[in-house]
Amino acid sequence: MKELKLMKGNEAVAEAAIRAGCDGYFGYPITPQSEIMEYLMYQDPQKTTGMVVLQAESEVAAINMVYGGASCGKKVMTSSSSPGISLKQEGISYIAGAELPCLIVNIVRGGPGLGTIQPSQSDYFQSTKGGGHGDYRLIVLAPSSVQEMADFAGLGFDLAFKYRNPVLILGDGVIGQMMEKVELDEFKPRWTEEEIRRNTPWSTMGKLNNRERNIITSLDLDSHKQEKHVAHLRDKYLEIEKNEVRYEEFQCEDAEYLIVAYGSSARISQKAVELARAKGIKVGLLRPITLFPFPKKPLLNYVGKIKGILTVEMSLGQMIEDVKLAVECKVKVEHFGRFGGIIPTPDEVVVALEKQIIGG
Amino acid sequence: MTEEIIIAGFGGQGVLSMGKILAYSGIMQNQEVSWMPSYGPEMRGGTANVTVVLSDERISSPIINSYDTAIILNQQSLDKFEATVKPGGLLIYDPNGITHYPSRKDINIYSIEASEEAGKLGLAKVFNMIVLGGFLKLKPLVKPEFIHKGLEKSLPARHHKLIPENEKAIDIGKTLIKAVHLV
């Protein structure tokens, strides 16, 4: 039997990273995700698996340490919360441009600016539409439980190396701070040097005589070459959209109405579905697990079957744009959200559903 | 069975750890659990609260707006959470420092003089376990053997010698709980 623990989301992602064979964590503390580095420092995996845990002098330094580690084919990660993730955007754009794998965790707090330390989902645009400059995408995983915080560390590294692309785990203060039951995977050993050479033939592990030198860069002054490179990135993103869409449906079989929500909002909405069903309202929940790639086709399949969609987000309404695009505006789509660090209650979601979708 | 509980009081009273021990005990009994703290720019002496859900099924929302049980350890928390108890639900409070008593007639209200008793017995550190004992007397959701395992899991090994004292406090709590108003 797997090991059962009661853990915070922040602790779970940290423990799962060690178990996934992570080589290095580089970070800088910020609420509400400081437990990630705190947990790693306390576990001191250098002594067990050899994983490096380092508090950098700044977020900018941390993401560039990730850039360096990833260039060498290492499984490296960083984590922060919204303002800190903004600081990392230049590095993230470079890493995406240089096609390097890494894991980034954003435990979102209310913004803009320094904002508040309470939970929010207002970084959806930043996470899914770029964030930094240039034509790039991150693979974005949105955990809605502590178990998924643990599961997505391993999955994140797998996807990052499969596609040579940064993967972002987009949580929020609720997911990071709450404790739930977690089943942890067995320890996977870190890759040996030989395994790194085999699994990442592109990495800068030292030139061997039987091949050309590897170059890691996001710069190409020849625009024709750069266009070819960006077209290659496009093909990769299309491949990711084809293969990696993940979502979950709850009570959707006979639904007349749909709530679309991710992360902690999906948990709150699931309770709202239970409350609304008790009142006789036939409503279901579709929870995107990957925000990029977004579950467009599953949503489009509801066109003609449902009367309206309520998106529930802790923001002014960001994911709603992807929902509208997915259903090609053929269904009424309305947004309900609290923001600035306020968490909606299940009752509020039911009221919004009744007023904006059923009554409206 | 699903039990939605809010535990609220001053920071430093052991509100969060009481919730953690209850949640860990639930896991040991093979239940689903969630533990959601109010986190924020709070400090010792400020207010602290935690929502704990124990269930036989997958838990939907860890954030809720009405509770089966409210365990209240100071006046601010009583003022804030009395209204959030579901009709027919349970409110337990420690009267120490309370000046405005709960007034609802549609819920079961119990008091537990845990603070005073803990002071008398020199058990201030396990005050929260006295309160937990009172709750478990009324709602024995978790069996004592699983509470024992929950304590083992929640407390670091160097504090395991204190488990008997914690269990004694739970037993004392069971004798201290008093009905104030019953529906």
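## Exercises: charged pairs and a nonpolar core

At 4% relative accessibility, A:Glu15 is buried in this model, which is a predicted one.

**Exercise 1.** Find the salt-bridge partner of A:Glu15 and work out whether that partner is buried or exposed.

*Solution.* Start with the side chain of A:Glu15: it meets that of A:Arg19 in a salt bridge, 2.6 Å from N to O. Next, place the pair: both sit in helix H1 (residues 9-19) of chain A, 4 residues apart, or about one turn of the helix. Now check the cut-off: buried means under 20% relative accessible area. A:Arg19 has 7%, so it's buried.

**Exercise 2.** Look at A:Arg277 and A:Asp254: which parts of chain A does their salt bridge tie together?

*Solution.* First, the bridge itself: the closest N and O atoms of A:Arg277 and A:Asp254 are 2.8 Å apart. Then locate each end. A:Arg277 lies in helix H11 (residues 263-278), and A:Asp254 in the loop between strand E9 (247-250) and strand E10 (257-260), so the pair ties together parts 23 residues apart in sequence. Last, accessibility: A:Arg277 is partly exposed at 22%, and A:Asp254 is partly exposed at 37%.

**Exercise 3.** Work out where the largest nonpolar core lies relative to domain 1 and domain 2 of chain A.

*Solution.* Begin with the core: it has 109 residues, and A:Leu258 and A:Ile309 are among those with the most contacts inside it. Helix H7 (residues 146-163) of chain A gives the most, with 10 residues. Now the domains: domain 1 (3-193) and domain 2 (247-358) both give residues to this core, so it lies between them.

How values were computed: Residues numbered from 1 in each chain as written. Chains lettered and ligands numbered in written order. Predicted model: local features only at pLDDT ≥ 70, side-chain atom pairs only at ≥ 80, totals over all residues. Heavy atoms only, no water. Core = buried A, V, L, I, M, F, W, Y, C linked by side-chain atoms within 4.5 Å. Buried < 20%, exposed > 50% of the residue type's maximum accessible area, 1.4 Å probe, protein only. Helix = DSSP H or I, 4+ residues; strand = E, 2+ residues; numbered from the N terminus. Domains from an automatic or database assignment. Salt bridge = Lys/Arg side-chain N within 4 Å of Asp/Glu carboxyl O.
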